[in-house]
Amino acid sequence: MSNIQLFKYFESIDDPRQQGKVVHKLFDIIFLAVSAVVSGCQGWEEIEDFGHDRLDWLRKYVLLEQGIPRYDTIARVMSRIDMTQFQDSFSSWMKACSKLTQ
């Protein structure tokens, strides 16, 4: 599944941040967090470490123009998004993935 297809599942998530202060794109942070957790990472610092360790791979799918966000930024952003929106988006993506394997 391409990053464009993946993006469509998460684009409905509202970005709660003040747009003038945004350094990292919301989808970049979500993609990083989901990729890291699916790979077995636990905790914000491990997610940041995953990003640094796999930066070249991540950049195949997202730009990460400002590099990997710090763990506290990842935590802050993820804790502020609407979890119902995230859960709905993630669930829709997983359903689409399961159809690809059938």
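Is histidine 24 buried or exposed? With a relative accessible area of 12%, histidine 24 is buried, where buried means under 20% relative accessible area, exposed over 50% and partly exposed in between (1.4 Å probe, protein chains only). The views below come from a predicted model, in which local features need pLDDT of at least 70, side-chain atom pairs count only at pLDDT 80 or more, and totals for chains, interfaces and linings use all residues. Residues are numbered from 1 along each chain as its sequence is written, and side-chain values use heavy atoms, with hydrogens and water left out.

**View 1. Histidine 24 and its contacts in the loop between H1 and H2.** Helices here are DSSP runs (H or I, at least four residues), numbered from the N terminus. Skip the neighbours within four places in sequence, and histidine 24 is in contact with Arg17, Ile29, Gln66, Gly67, Ile68, Pro69 and Thr73. Contact means heavy atoms within 4.5 Å. One of these partners, Thr73, is itself among the buried residues of H5.

**View 2. Helix H6, residues 83-100, end to end.** This helix has 18 residues and reaches 26 Å from its first C-alpha to its last, close to the 26 Å expected at 1.5 Å a residue; the expected span is 1.5 Å times one less than the number of residues. Gln85, Phe86, Ser89, Trp93, Ala96 and Cys97 are its buried residues. They sit on the same side of H6, because they cover an arc of only 100 degrees around the axis. That arc is taken from the directions from the helix axis to the C-beta atoms. Thr84, Gln87, Lys95 and Lys99 are exposed, on the face turned away from the buried side. Down at the start of H6, a side-chain oxygen of aspartate 82 comes to within 2.8 Å of the backbone nitrogen of threonine 84. For reference, a polar contact is a pair of N or O atoms within 3.5 Å; within protein, one must be able to donate a hydrogen and the other to accept it, and residues adjacent in sequence count only if both atoms are side-chain atoms.

**View 3. Serine 89 on helix H6.** Serine 89 has a relative accessible area of 3%, so it counts as buried. Leaving out neighbours within four places in sequence, it is in contact with Tyr9, Phe10, Ser12 and Ile13.

**View 4. The largest nonpolar core, with 28 residues.** A nonpolar core is a set of buried Ala, Val, Leu, Ile, Met, Phe, Trp, Tyr and Cys residues joined through side-chain atoms within 4.5 Å. Phe10, Ile30, Met78 and Phe86 have the most contacts inside this one. Helix H1 (3-10), helix H2 (26-38), helix H3 (44-53), helix H5 (71-80) and H6 each supply at least two residues of the core, and the largest share, nine residues, comes from H2. Zoom in on isoleucine 30: not counting residues up to four places away in sequence, it touches Phe10, Ile13, Met78, Ile81 and Phe86.

**View 5. The buried sides of H3 and H5.** In H3, the buried residues are Ile47, Glu48, Phe50 and Gly51. Their arc around the axis is only 155 degrees, which puts them on the same side of H3. H2, H4 and H5 are among what covers them. Over in H5, Thr73, Ile74, Ala75, Val77 and Met78 are buried, and the buried residues of this helix pack against H2, H3 and H6.

**View 6. Two partly exposed helix residues, aspartate 72 and histidine 52.** Aspartate 72 is found in H5 and has a relative accessible area of 33%. Its C-alpha is separated by 7.1 Å from that of tryptophan 44, with the two residues 28 apart along the chain. Histidine 52 lies in H3 and has a relative accessible area of 45%. Between the C-alpha atoms of histidine 52 and glycine 67, 15 residues apart along the chain, the separation is 8.5 Å.

**View 7. Leucine 64, in the loop between helix H4 (55-58) and H5.** Phi of leucine 64 is near 50 degrees, a positive value in a residue other than glycine. Most residues other than glycine have a negative phi. Leucine 64 counts as buried, at 2% relative accessibility.

**View 8. Cysteine 41 and cysteine 97, with no bond between them.** A disulfide is a pair of cysteine sulfur atoms within 2.5 Å, and a search of the whole structure finds zero. Why no bond for cysteine 41? Its sulfur is 19 Å from the closest cysteine sulfur, in cysteine 97, which is too far. Cysteine 41 is buried, at 15% relative accessibility.
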